[in-house]
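Reader: Could you take me through one part of this protein in detail, please? I would like to know how a single strand sits among its neighbours.

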Amino acid sequence: MTELQCHGCGKKYRPEEIDYVCPEHAGNNRLEVLYDYEAIKNRFTKADLAVNPDTTIKRYASILPASREALESIPYHVGGTPLIKATALSKELGMDNVFVKFDASNPSASLKDRASFMVTALAKAQGRNAIAAASSGNAGCSLAAVCAAADVRAILFVPKAIPKAKLMQIAIYGAEVFVVQGSYDEAFSLCEKACEEFGWYSRNTGFNPYTREGKKTVAFEIAEQLGWNVPDWVIVPVGDGCIISGVHKGFLDLYRLGWIEKIPRIVAVQAQGASSLYESWKRGDEEPSYMEATSSVDSINVGLPGDGGFALKAIKDTDGLALLMSDEEMHQSMLEMSQKQGLMGCVAGSSAWGALKILNQKKTIKSDETVVLLNTGHGLKDIAHFENHTFTSIHTIKPDINDLKQYAA
Ligand SMILES: Cc1ncc(COP(=O)(O)O)c(C=O)c1O
Ligand SMILES: [Zn+2]
């Protein structure tokens, strides 16, 4: 890492000069982490990676902001998640190459482990011993998990609508958690104030520029798993916009290293009830503006996407697009991915499949193209979404073979 550059004013900062945001643009994360790509090219090659037995994101240490020692100091296994060829889903659309990047396979069961691990490694190397974050759930679970492994204090601020499974997961890891009687955006503001007041290190998405550097490793893995032949499209569920901007940054890094020849077109999927980024994209704005968020898909129910500027850039610069889906369509996507492909992603993560169906039907995505659906979290945390769903496959019977006979033919 060499510098951080502000996309608002172009000013460059050395990493030790600045903690989170450009002072001219406080409140907005417009900082991009820069590297000396020429120097990296000379000491880090695809051939090195091919013989590296480490399957975690530490294998990319040469192009990450934390030193190898800092990354090694935390005994935790992030990344190396499967890229699964979804033959049943492909077949349904008459396609050959639909893949699911199943990031639920991270230890705390979401992609957020990539960011939490990166930020915790950096904070620990600076001697910080308390890290705070606002979270709709998964980022909190992952920070709690990584901090448990790193022996660092974790403090989480979550909205009152946090699903019980995620709240329990945070508590089981032993983190302190404040259930803020308000929205995610309100929990976020309180967390920022608390970090200032108490000197805690902030892992907040859309504020700490290093979260994106953790999340970008998912793009490194996708490219490497496809033999450095990048897909035509990557479909990403969007809340704050940090995952999508991380995906973009990862491919950009590889392109700047000369390791890939093109950057995939990136699709942002938003919920109809949390559509700030979609609306800004449609208007052609450079930054999103606040819109009340009312979706039941908690992990992407964000009013003002903190990483919105970079998220919009990810869509525009790659000739991608944004689309909206209803909560019901997202639930249906989760059931279909589970039942057709055996992949129980979370509701938000599974929405990528529903989005592909829509875009394939419109012929925006052609049948001969290669598509990666980024599944960002595990469906087990989301089972409460189906409490009122009628599953005709669930039968309640007496412990009696005769009672079973009516079903078992
Ligand atoms: C499972 C899942 N998918 C997608 C997202 C959206 O990520 P981002 O807020 O970086 O856009 C989140 C964020 O909490 C998440 O937990
Ligand atoms: Zn600036």
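Author: Happy to; what follows is a close look at strand β5 in this predicted model.

Let's begin with the setting. The protein has 16 helices and 13 strands, and its C-alpha trace spans about 75 × 45 × 45 Å along the principal axes. For 409 residues, a compact globule would have a radius of gyration near 22 Å, and the protein's 21 Å agrees with that. Buried residues account for 49% of the 409. Of the contacts between residues at least 6 apart in sequence, 69% join residues at least 24 apart.

Now to the strand itself. β5 covers residues 98–102, and 5 of its 5 residues are buried, so the strand is largely enclosed by the rest of the structure. In a regular strand, side chains alternate between the two faces of the sheet. Here, V98, V100 and F102 point one way, while F99 and K101 point the other way. You may want to look at K101 on your screen: this lysine is buried, as are the valines and phenylalanines of β5.

Which strands pair with β5? One is β4, residues 83–85, which runs antiparallel to β5 and is joined to it by 3 bridges. Within that pairing, L83 has K101 as its bridge partner, so to speak of K101 again, this residue is both buried and bridged to L83. Another is β13, residues 371–375, which runs parallel to β5 and shares 5 bridges with it. There, V98 is partnered with V371. V98 also belongs to the set that points one way from β5 together with V100 and F102.

How values were computed. Residues numbered from 1 in each chain as written. Chains lettered and ligands numbered in written order. Predicted model: local features only at pLDDT ≥ 70, side-chain atom pairs only at ≥ 80, totals over all residues. Buried ≥ 20, exposed ≤ 12 C-beta atoms within 10 Å, placed from the backbone. Helix = DSSP H or I, 4+ residues; strand = E, 2+ residues; numbered from the N terminus. Pairing = 2+ DSSP bridges. Rg over C-alpha atoms; globule rule 2.2 N^0.38 Å. Contact = placed C-beta atoms within 7 Å.
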